[in-house]
Amino acid sequence: MKRLGVNIDHVATLRNARGEFHPDPFYAANFVKKAGADSITIHLREDKRHIKDADAKKICSDQKILVNLEISTNSKIVKTALKIRPNFICIVPENRQEITKEGGLNLLKNKSQIKKIILSFNKKKIRTSLFINPSIKDIKISKDLGADCIEIHTGKLANLVKSKKNYNNELKKIKKCSIFAYELGLEVHAGHGLDYKTTNLLSKIKQIQEFNIGHFLIGESIFQGLPTVIKNFKKIIKNS
C-alpha cells in the first residue's frame, strides 16, 4: 500500500506570523490523521522558523500519530530528536539562507557524520531515511551508510511540470533510481514540490511507497479544505 505523509510545517508558519497560538500544529497533526494521512511530517529546523521544539515534543509524544521528523545533521537537533523519539527520521540538508530544501544531501562530504547519526537512530529502532537527489551513486552510498529508506528529491521534476517543460528525462531518472533502490532493499519515498499532477505521474512508479507532501497540500486547503485535499491525494495514490 502506498502511503501519504502530510507535512504540516506551514500550519506553524501561519501561527508564527502572529507570534500567538493559532493555528496549533498539534491540533493540525491530529486533524490530518483523522482526515486520512498515514503519517505526519514536521521539519525541526535549526532556526525554528516554523516547528518549535515544544511542537515536536508534543506531537511525537502522541502515540496515535506516526511522526516523520525531518532534521539536519546539526548535533543539537540530533540530540533533541533522540530525546523525543519520533517514529521515523528523515535526514535532510539545511542552509540558513534557503527558502526551502534546494536539493538532496551531499553524502560524500558528510559520509562519516551521517553514518554515526543513522547508527544512533537504529539503536533506538527509529526508521531512518536520507533525502537525496535521484542519483544511482547516492543510492549506493545510502545503502552503505545503513539507511532504511531514501526519499527522492522531486523538486526538479515538479518545476519542469509546473513550467510546462519536457519532464520525461527527469521522470525516467526517478523511475530508474526507484527500481535500483528497491532492488537493493531500500524503501523508496518521494517528496518536494509535489502537487496533483506530479503525484499522479510518480504514483505510477510502483517502487515508490510513500509520498510526503506539504506546501501545495496546505496551500490548496485554503480553498478546498484539508479533508478534501487529503482525500484527493489519497485517491491519486490509491488508483496508481
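# Why is it called that?

Visitor: Where is the place of Lys125?
Guide: Lys125 is in the loop between helix 5 (111-123) and strand 5 (127-132). Keep in mind that this is a predicted model.

Visitor: Why is Lys125 called exposed?
Guide: Its relative accessibility is 79%, and the word "exposed" is used for values over 50%. So Lys125 counts as exposed.

Visitor: What makes the phi of Lys125 worth pointing out?
Guide: Its phi is near 60°, which is a positive value, and Lys125 isn't a glycine. Most residues other than glycine have a negative phi.

Visitor: What is the phi of His192 near?
Guide: Near 110°, so here's another positive value in a residue other than glycine. You'll find His192 in the loop between strand 7 (187-191) and helix 9.

Visitor: How do you know that the peptide bond between His22 and Pro23 is cis?
Guide: Look at omega: it is about 0° for the bond joining His22 and Pro23, and that bond is cis. Most peptide bonds are trans. Pro23 belongs to the loop between helix 1 (9-18) and helix 2 (25-34).

Visitor: On to the helices. Why is helix 10 called oblique to helix 11?
Guide: Helix 10 (residues 215-224) and helix 11 (residues 226-238) pack at an angle of about 125°, and their axes are 7 Å apart. Roughly perpendicular covers 65 to 115 degrees, and roughly antiparallel needs over 145. An angle of about 125° falls in neither group, so helix 10 is oblique to helix 11. Their crossing is right-handed.

Visitor: Which residues make that contact?
Guide: On helix 10, Phe216, Leu217, Ile218, Glu220, Ser221 and Gln224 take part; on helix 11, Leu226, Thr228, Val229, Ile230, Asn232 and Phe233 do. Sorted by kind, the residues of this contact are seven nonpolar, four polar and one charged.

Visitor: How many aromatic pairs are there?
Guide: The count comes to four. One of them is formed by Tyr196 and Phe233.

Visitor: Why is the pair of Tyr196 and Phe233 called tilted?
Guide: The centres are 4.8 Å apart, and rings pair if their centres lie within 6.5 Å. The planes make an angle of 40°; under 30 degrees would be stacked and over 60 would be edge-to-face. That leaves tilted for this pair.

Visitor: What makes the pair a link between distant parts of the chain?
Guide: Tyr196 is in helix 9 (residues 196-202) and Phe233 is in helix 11, with the two positions 37 residues apart.

Visitor: How do you know that Phe233 is buried?
Guide: Buried means under 20% relative accessible area. Phe233 has 0%, so it is buried.

Visitor: Why is the pair of Phe216 and Phe233 called edge-to-face?
Guide: Their planes are at 90°, and anything over 60 degrees counts as edge-to-face. Centre to centre, the two rings are 6.0 Å apart. This pair also links distant parts of the chain, with Phe216 in helix 10 and Phe233 in helix 11, 17 residues apart.

Visitor: What makes Phe216 partly exposed?
Guide: Its relative accessible area is 24%. Buried stops at 20% and exposed needs over 50%, and partly exposed is what lies in between. So Phe216 is partly exposed. Ring pairs join Tyr196, Phe216 and Phe233 into a cluster.

Visitor: Why is Ser39 called buried?
Guide: Ser39, which is found in strand 2 (residues 39-43), has a relative accessibility of 4%. The limit for buried is under 20%, so Ser39 counts as buried. Leaving aside neighbours within four places in sequence, Ser39 is in contact with Leu4, Gly5, Val6, Leu66, Phe88 and Asn212.

Visitor: Is Leu66 buried, exposed or partly exposed, and what is the reason?
Guide: Its relative accessibility is 40%, which lies between the 20% and 50% cut-offs. So Leu66 counts as partly exposed. Leu66 is in the loop between helix 3 (53-61) and strand 3 (67-71). Not counting residues up to four places away in sequence, Leu66 touches Asp38, Ser39, Ile40, Asn87 and Phe88.

Methods: Residues are numbered from 1 along each chain as its sequence is written. This is a predicted model: local features need pLDDT of at least 70, side-chain atom pairs count only at pLDDT 80 or more; totals for chains, interfaces and linings use all residues. Side-chain values use heavy atoms; hydrogens and water are left out. Axes are lines fitted to C-alpha atoms, for helices over the stretch in contact, and angles run from 0 to 180 degrees between N-to-C directions. Helices (H or I, at least four residues) and strands (E, at least two) are DSSP runs, numbered from the N terminus. Angles under 35 degrees count as roughly parallel, over 145 as roughly antiparallel, 65 to 115 as roughly perpendicular and the rest as oblique. A crossing is left-handed if the near helix is turned anticlockwise from the far one by less than a right angle, and right-handed if clockwise. Contact means heavy atoms within 4.5 Å. Ala, Val, Leu, Ile, Met, Phe, Trp, Tyr, Cys and Pro count as nonpolar, Asp, Glu, Lys and Arg as charged, and the others, Gly among them, as polar. Buried means under 20% relative accessible area, exposed over 50%, partly exposed in between (1.4 Å probe, protein chains only).
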